[in-house]
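Please consider the following structure chain by chain, beginning with secondary structure and ending with the packing of individual residues.

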Amino acid sequence: MSNIQEIQDEIIEEFSMLDGDMEMTIGYIMELGDQLPEMDEVLKTEENIVKGCQSKVWLNAELKEDKIVFEADSNTAITKGLVSMLVRVLSSQTPQEIVDADLYFIDKIGLNRFIGTQRSNGLGAMMKQMKIYGLAFSTKTNV
Amino acid sequence: METLEKSGLNIAKIREEFPILDQKVNGKPLVYFDNAATNQKPRRVIEALANHYKTDNANIHRGIHTLAERSTAAFEETRHAVREFINANEAEEIIFTKGTSESINLVASSWGRKFLEEGDEILISAMEHHSNIVPWQMIAEEKSAQVKVMPIDENGDIILAEVDKLITEKTKMVAFNHASNSLGTINPVKEIVAKARKVGAKVLIDGAQATSHLEVDVQDLDADFYAFSAHKMYGPTGLGILYGKRTLLEKMPPYQGGGEMIKEVTFEGTTYNDIPYKFEAGTPDIANVVAFKKAIDFIDELGKDKIAAHENELLSYATTEIEKIDGVKVIGKANEKVSVLSFSVEGIHHFDIGMWMDAKGVAVRTGHHCTQPLMDFFCIEGTVRASFSVYNTIEEIDIFTQALKDTISKFKK
């Protein structure tokens, strides 16, 4: 299993092929969404909703062998792609690694514009929620 | 090439007045169809704003020096231009605010506090913007009054027969929009005003979506209050207008305290200035008020009838074109509409459509447009909304339609 930094570097490499073309970028993000492992419908509960303004994101976290496994989904294709990248980077990492993670890939691949309040797609909220899970589970595992 | 549209306007020449339109977004020529949110500013407005700061800037009304005189004169000149623009009886009935929202809040708070009593009713419509819902809910809660809602039909027209049942002796205020920001519906203001008059209720019209498209004559409409925003009519952001009948404004207490709104202040008490100053506490947005005059000139020069003719042509063409596309459903098919085209596409989230359209250089609005109760009525989360201003063209609609088709094709697997 690659570490958080290696996965981020992979993503940066993939996006560098798109030459900053916005249509290609969005197309690729949607492809990544298609690759996101399907989330169990029973996990799509009200509690698991990370609220964004225009799109819905569901996020579930479970601790398996000291690592957090994230499952997620969204009701919009583009947000699902963005969600898929966060899951790819942070899922199956240890709680402490998640807490400490510097998610520099977002800035590097020019996805900042997808995160601000402007785009309101709940991605910023999702990143925060993943870190909170990291923190919550790290206290559990340390005890 | 000098071509006149059916409306008689030379759109190519008009576009030259709008520097912002001449740019590429994401590598594609910008098609700006988010005009109902805010429309773009002609060069003369931008220049007036800069010129005010370059040559005339001073605080108004109190200074005795030359710059203060010039600044005050320009500021008050806009008030007179606004009076004429909406045919108010006198300039003192024009109050400058931060925007339509503040104008409505001012009335809800000041008029509501003085005149509403327990058990009174405020009647709004099902297609109101949150800014014409929430201020009424707030004052209703404070006064133990009740907010009631005029229902609409599935085309997006107010059901007038139902209004008759809802307007009763308890109704003290009827507040609704002249035109809907989500659906484009032009509401039958005069008919509803007449119904309100029968029970002595006051009427507030939210004109934010109307003033750049429709002739507005507040005396003919017999509105007690008419609220609108400069930035939706080619003017600067952060500036709103509240028209109110003198007899009402004079009876209303001030909204905020501060400079300008007082006659005399001692620590024992304060006497208030006359209207409109009573409602304009503090230094107003002088430069924007001054520049707004140029936006009014711009509209007057083109003529509202010609603007409306051009925008209606765009709306009708765009509606026909997108209805040809499989899965597209137009939301809002009122008998009379301003140039707002809301739609949904089966199986595709409006957010995805908006993002794809943006990548193709087309700026549209997506979401609930601050009308959540209305979206609930249509059982949808939101729509994609394209809205047109006088500088938009048939060619741009073709680009928009093609972009929409391309976007939809990305989702067909």
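The paragraphs below treat chain A, its contact with chain B, the nonpolar cores, and two local regions of chain B.

The model is a predicted one, and its local features are described where pLDDT is at least 70. Chain A contains 6 helices and 3 strands. Read from the N terminus, its elements follow the order α-α-β-β-β-α-α-α-α. Of the 143 residues in chain A, 36% are buried. Among the contacts of chain A that link residues at least 6 apart in sequence, 66% connect residues at least 24 apart.

The strands of chain A form an open sheet of 3 strands in the order β1-β2-β3, with antiparallel pairing. Because β1 (49–51) and β3 (67–74) of chain A each have a single partner strand, they stand at the edges, and one side of each is left without a neighbour in the sheet. From one strand to the next, the twist averages 35°. Strand β2 (residues 56–64) of chain A is joined to β1(A) by 3 bridges, and the two run antiparallel. Within this pair, A:Val50 stands opposite A:Val57 of β2(A). The sheet also carries a helix: α3(A) packs on it and touches β2 and β3 of chain A, its direction making about 175° with that of β3(A).

The contact between the chains comes next. On chain A, 13 residues are in contact with 13 residues of chain B. Two elements, α2 (22–35) and α3 (77–90) of chain A, give two or more residues each to the side of chain A that touches chain B. The largest share of that side, 4 residues, is supplied by α2(A). Sorted by class, the side of chain A that touches chain B comprises 5 nonpolar, 7 polar and 1 charged residues.

In soluble globular proteins, nonpolar side chains tend to be buried together. The largest nonpolar core here has 143 residues, of which A:Leu86, B:Val174, B:Leu204, B:Tyr226 and B:Tyr243 touch the most other members. In chain B, this core takes at least three residues from each of domain 1 (11–39 + 303–410) and domain 2 (47–300). A second, separate core of 6 residues includes B:Ile11, B:Ile14, B:Phe18 and B:Val390. Returning to the largest core, the contacts of B:Val174 beyond its neighbours within four places in sequence are B:Leu123, B:Ile167, B:Ile192, B:Ala196, B:Ala201 and B:Val203.

How is strand β4 (residues 94–97) of chain B covered on its two faces? B:Ile94 and B:Phe96 are buried on one side, and B:Ile95 and B:Thr97 are buried on the other. This strand, β4(B), pairs with strand β10 (residues 240–244) of chain B in the antiparallel sense, over 4 bridges. In that pairing, B:Phe96 stands opposite B:Ile241 of β10(B).

The last site is B:Leu166, which lies in helix α6 (residues 160–166) of chain B. Why is B:Leu166 classed as partly exposed? Its C-beta atom has 17 others within 10 Å, whereas a buried residue would need 20 or more and an exposed one 12 or fewer. Apart from neighbours within four places in sequence, B:Leu166 is in contact with B:Leu123, B:Lys148 and B:Met150. B:Leu123 is also listed among the contacts of B:Val174. From B:Leu166 to B:Pro151 the separation is 15 residues in sequence and 9.8 Å in space, C-alpha to C-alpha.

Definitions and conventions: Residues numbered from 1 in each chain as written. Chains lettered and ligands numbered in written order. Predicted model: local features only at pLDDT ≥ 70, side-chain atom pairs only at ≥ 80, totals over all residues. Core = buried A, V, L, I, M, F, W, Y, C linked by C-beta atoms within 7 Å. Domains from an automatic or database assignment. Contact = placed C-beta atoms within 7 Å. Nonpolar A, V, L, I, M, F, W, Y, C, P; charged D, E, K, R; others polar. Pairing = 2+ DSSP bridges. Axes fitted to C-alpha atoms, helices over the stretch in contact; angles between N-to-C directions.
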